Amino acid sequence: MVDQKSESNIETQTDPEYELWRRSIEPLLVSRGGRWTITEDGTGLERYFTFKTFAKAWNFMSAIVPECKSNRHHPEWSNTYRTVFIRWRTHEPDNHISLLDIKLAVICDEQAKAFGEVVPDAETSTTPEEQ
């Protein structure tokens with residue numbers, strides 16, 4: 001289930017829109033078998049991606065750029081060698097996780113798979129510092 005901190009930071013939505021938001025985000029979350037976590041303050045969706053090489057990591061990021069442009073939305077992200085960190089959040093009108101953030105997180109997962117993301121086993125942490 002989605003926790004209270006994230007629920008209070010979503011767009012002001014009617015009940016059917018909230019249900020769509022909830023159903024969309026839940027499969028992405030670590031607690032539900034996904035790889036994304038909600039930021040400590042509940043305003044963003046984030047995760048690390050690891051690839052076999054720097055080139056694969058760079059190509060993955062390059063594949064995300066057109067999606068950012070076409071959706072007029074960009075992530076907070078960084079790259080260190082073969083690891084990419086991405087955080088999606090909507091800044092206006094106030095920090096929250098929007099349906100667009102969720103859509104782009106799904107696109108990131110799809111692109112990561114296409115670029116050969118190195119997926120840790122179930123006993124490996126989702127942060128590179130702990131891998």
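Here are some numbered notes on this structure, which is a predicted model.

1. Let's start with the overall layout. The chain has four helices and four strands. Reading from the N terminus, the order of the elements is α-α-β-β-α-β-β-α. So that you can find your way around, the notes below use the labels H2, H3 and H4 for helices and S1 to S4 for strands.

2. How much of the chain is buried? Of the 131 residues, 41% are buried. There is also a number for how the chain folds back on itself: take the contacts with a separation of 6 or more, and 62% of them come from residues 24 or more positions apart.

3. Now the sheet. The four strands make an open sheet, and its order is S1-S2-S4-S3, with antiparallel pairing. Try tracing that order on the model. At the edges you'll find S1 (37–38) and S3 (76–80), each of which pairs on one side only.

4. Have a look at the S1 end of the sheet. S1 pairs with S2 (residues 45–50) in the antiparallel sense, over two bridges. One place to spot the pairing is Ile 38, whose bridge partner in S2 is Leu 45.

5. Over at the other edge, S3 and S4 are also antiparallel, and five bridges join them. These two strands form a hairpin with two residues between them. Thr 80 stands opposite Thr 83 in S4. Check Tyr 81 while you're there: this turn residue has a positive phi of about 50°.

6. Which strands does each helix lie across? H3 lies across S2, S3 and S4 (83–88), and its direction is at about 160° to S3. H4 lies across S2 and S4, running at about 10° to S2.

7. Next, the two helices as a pair. Two packed helices are described by the angle between their axes and by the distance between those axes. For H3 (residues 54–71) and H4 (residues 99–114), the angle is about 155° and the axes are 10 Å apart. That makes H3 roughly antiparallel to H4, because angles over 145 degrees count as roughly antiparallel. The crossing of H3 and H4 is right-handed.

8. Which residues meet where H3 packs on H4? On the H3 side they are Phe 60, Ala 63, Ile 64, Glu 67 and Asn 71, and on the H4 side Leu 100, Lys 103, Leu 104, Ile 107, Cys 108, Gln 111 and Ala 112. Sorted by class, this contact of H3 with H4 has eight nonpolar, two polar and two charged residues. It's a nice exercise to sort the names yourself.

9. One residue to click on is Ile 25, in helix H2 (residues 15–25). Is Ile 25 buried or exposed? Its relative accessibility is 0%, so Ile 25 counts as buried, given that buried means under 20%. Ile 25 and Asp 101 are 76 residues apart in sequence, while their C-alpha atoms are 9.4 Å apart in space.

10. Finally, try Gly 116, which sits in the segment after H4. With 31% relative accessibility, Gly 116 counts as partly exposed, because that class covers values between the 20% and 50% cut-offs. Gly 116 and Thr 53 are 63 residues apart along the sequence, and the distance between them in space is 9.8 Å, C-alpha to C-alpha.

How values were computed
Residues are numbered from 1 along each chain as its sequence is written. This is a predicted model: local features need pLDDT of at least 70, side-chain atom pairs count only at pLDDT 80 or more; totals for chains, interfaces and linings use all residues. Side-chain values use heavy atoms; hydrogens and water are left out. Axes are lines fitted to C-alpha atoms, for helices over the stretch in contact, and angles run from 0 to 180 degrees between N-to-C directions. Angles under 35 degrees count as roughly parallel, over 145 as roughly antiparallel, 65 to 115 as roughly perpendicular and the rest as oblique. A crossing is left-handed if the near helix is turned anticlockwise from the far one by less than a right angle, and right-handed if clockwise. Contact means heavy atoms within 4.5 Å. Ala, Val, Leu, Ile, Met, Phe, Trp, Tyr, Cys and Pro count as nonpolar, Asp, Glu, Lys and Arg as charged, and the others, Gly among them, as polar. Two strands pair if DSSP finds at least two bridges between them. Buried means under 20% relative accessible area, exposed over 50%, partly exposed in between (1.4 Å probe, protein chains only).
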